[in-house]
Protein chains: 2
Amino acid sequence: MAGDRPHEFELIKRFFAPLATDSGSLGLADDAAVFTPRPGYDLVLTKDMLAADVHFFAVDPPEAIARKALRVNLSDLAAKGARPRGYLLGLGLAVDWTVDWLERFCTGLKADQAAYGLVLWGGDTIKSGDRLQISVTAIGEVPQAKAVRRNGARAGDAIYVSGTIGDGAAGLKARLESGFAGRYGLIDEDLAHILDRYLLPRPRVELAGVLSDHAHAAMDVSDGLFADAKHIADASEVDLRIDLDLVPVSSALAKIRDASPEDFTGLLGGGDDYEILACVPETSTGAFDAAAGAAGCPVTRIGEVTRGSGKVELQRGGVAVQSLSGGFQHF
Amino acid sequence: MAGDRPHEFELIKRFFAPLATDSGSLGLADDAAVFTPRPGYDLVLTKDMLAADVHFFAVDPPEAIARKALRVNLSDLAAKGARPRGYLLGLGLAVDWTVDWLERFCTGLKADQAAYGLVLWGGDTIKSGDRLQISVTAIGEVPQAKAVRRNGARAGDAIYVSGTIGDGAAGLKARLESGFAGRYGLIDEDLAHILDRYLLPRPRVELAGVLSDHAHAAMDVSDGLFADAKHIADASEVDLRIDLDLVPVSSALAKIRDASPEDFTGLLGGGDDYEILACVPETSTGAFDAAAGAAGCPVTRIGEVTRGSGKVELQRGGVAVQSLSGGFQHF
């Protein structure tokens, strides 16, 4: 078995070089890649690591694992207003890795490189450890001084989220808990939807330019809507007031809400959404809505920024139902 | 025990934020770092992964592990003619990690950031797996179109190496084999020297500008002198002729040579040197020598590039003693 598995140089040639289509990558036949930045652009750099059975299931399709590892990084870039350009891939293969697995993993990378317009610049593969670890460094570009930060929200801003919230967390729960669908009366389509949203995030790359044009602050929702709202509140030294009734949800989540408001609120804050949470000045909300629509990205206004010092207030019908302050980390 | 260990946000604040001294890193209080490239410079990007008990010993001092993880990447940058600017750190902590270990690890990072003039831009930490894995993405800059590649060597070029070769491989052997020092008559100072060279590479950052000014091709010697010469021969479609008697060695290696020429040759090709192998046009050798001297980096001419198609010929006193061609990977 192990004898069938190629050496590192062979691995690079066979699996990774075809993904390094940029002239600066030189087909990975060098120690490093060379990239000429475009004048007038800043670079945005991010790194997310994923480990088997922590951030994905080891039994997931290798194509999906690869795409998720890339996409969680693209989601960070998009939230900063940056378009992806290239990435470096660190792969810590488990001792029982197979050629077939790696082939399918690279098929997933290739598909997403094409879908999102970025290339492999380099990386490293080691074979060790008891479980697969993936480390992606993604680099994007944004017009100079236009990167969107967490710390720019101001009192009076409108709070928006893209897409729907809670699906990823529901998908994870559905995989971990038998009888999940039946408990909330989910039909097959609902279940398929939430499982898919957990397996394969949809980074809002299309919203990058809209954010750098119009948003005061933004981040992607990965830790959970409330925890991430708290990050913005802390960094910007403001309060965020979110109306739970305004948070956009799928029909699957609506059914869970009707069956158990408590479980529903937990899922809203559960994370793994990879949607965008943005604070937009009131005077720009019209332009923001229009530009997001033109980019094909649904966005929904869910609250407002007020003077304060790092509190997130959750409301329902205008009434405060919970307040998150101090050392709050996860809902 | 586990209860004493801080959460991820606390980890960032306590250990990593003090290393992110660049304004673009925003103290790591954001999803991503922002970097404004200097006009007229290309970026060079590299990633090396290291795993405990594969690339270093788990029992090594944490400061040294951190510095080695950084330095093997800085060595790649230097070989391309690039000066380091920043890095992203992926840390896959083993389940039994301790706060004390991480504190010392970060002390090592801090020391080398100061020594080599780069900053932490971002990263990610996960806690999983049976052994520590470290993934560093380092980014440097080089004047536009001046990056030094593997594929630029031409017939007639002189071949140089920096420093001395074989010490790192000898240091590794000395740790693995009891009685190593006695076998070759090494004194305490010899042993300390080779052990140190294995533990802590000295990337030739000072040679970066000299290489981008004068070298046709370069790479760092990590796989081993002969394997890395083969990489240049293959990429440049030339032959490299190296005189083993000219390869510079420490007094420790000279003693090993006198005791066992065979063991000596094995160590010369053993890797872990993190010295520079460079091909310099004959007309520039004087300027290259002078510039390397001015930069405080010893360089030694060890051979020449000839017409060919990817062969490395090892000579001794002008006579070929071994030829490496075809699918050769490690000596």
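Reader: At about what angle to S4(B) does helix H1 of chain B run, and across which strands does the helix lie?

Author: In this predicted model, helix H1 covers residues 8–16 of chain B. The helix lies across strand S3 (83–93) and S4 of chain B, and its direction relative to S4(B) is about 145 degrees.

Reader: Helix H3 of chain B also lies across strands; which strands are they, and at about what angle to S3(B) does this helix run?

Author: Helix H3 of chain B, made of residues 99–116, lies across S3, S4 and S5 of chain B. With S3(B) as the reference, the helix runs at about 170 degrees.

Reader: What is the strand order of the open sheet of five strands, and which strands are at its edges?

Author: The order is S1(A)-S2(B)-S5(B)-S3(B)-S4(B), with mixed pairing, and the twist from one strand to the next averages 20 degrees. Within this sheet, strand S2 (residues 41–51) and strand S5 (residues 133–143) of chain B run antiparallel and are joined by 11 bridges, with B:Leu50 standing opposite B:Ile134 in S5(B). The strands that pair on one side only are S1 of chain A and strand S4 (119–127) of chain B.

Reader: S2(A) pairs with a strand of chain B; in what sense do the two run, and which residue is the bridge partner of A:Leu45?

Author: S2(A) pairs with strand S1 (residues 33–35) of chain B over three bridges, and the sense of this pairing is antiparallel. The partner of A:Leu45 lies in S1(B) and is B:Ala33.

Reader: How much area do chain A and chain B bury between them, and which element gives the most to the side of chain A that touches chain B?

Author: The contact draws on 58 residues from chain A and 58 residues from chain B, and the two chains bury about 4800 Å² between them, 57% of it on carbon and sulfur atoms. On the side of chain A, the elements that give two or more residues are strands S1 (33–35), S2 (41–51), S3 (83–93), S4 (119–127), S5 (133–143) and S7 (217–221) of chain A. The residues on this side of chain A divide into 25 nonpolar, 19 polar and 14 charged. With 11 residues, the element that gives the most is S2(A).

Reader: How many salt bridges does the rule find across the interface of chain A and chain B?

Author: One salt bridge between the chains joins B:Arg150 to A:Asp30, with the closest N and O atoms 4.0 Å apart. The rule also finds 27 residue pairs in polar contact across this interface, both residues being at pLDDT 80 or more. For salt bridges across the interface, the count is nine.

Reader: Which parts of chain A does the salt bridge of A:Arg67 and A:Asp112 link?

Author: The structure holds 52 salt bridges over all chains, and in this one the closest N and O atoms of A:Arg67 and A:Asp112 are 3.0 Å apart. The two residues are 45 residues apart in the chain, and the pair links distant parts of it, namely helix H2 (residues 62–79) and helix H3 (residues 99–116) of chain A.

Reader: Why is one side of S7 and of strand S12 of chain A left without a neighbour in the sheet?

Author: Seven strands of chain A form an open sheet of mixed pairing, in the order S7-S9-S6-S10-S8-S11-S12. Inside that order, strand S8 (residues 239–243) and strand S11 (residues 312–316) of chain A pair in the parallel sense over four bridges. S7 and strand S12 (319–324) of chain A are left without a neighbour on one side because they stand at the edges, each with a single partner strand.

Methods
Residues numbered from 1 in each chain as written. Chains lettered and ligands numbered in written order. Predicted model: local features only at pLDDT ≥ 70, side-chain atom pairs only at ≥ 80, totals over all residues. Heavy atoms only, no water. Contact = heavy atoms within 4.5 Å. Buried area = accessible area lost by both parts, 1.4 Å probe. Salt bridge = Lys/Arg side-chain N within 4 Å of Asp/Glu carboxyl O. Polar contact = N/O pair within 3.5 Å; in protein donor to acceptor, adjacent residues only side chain to side chain. Nonpolar A, V, L, I, M, F, W, Y, C, P; charged D, E, K, R; others polar. Pairing = 2+ DSSP bridges. Axes fitted to C-alpha atoms, helices over the stretch in contact; angles between N-to-C directions.
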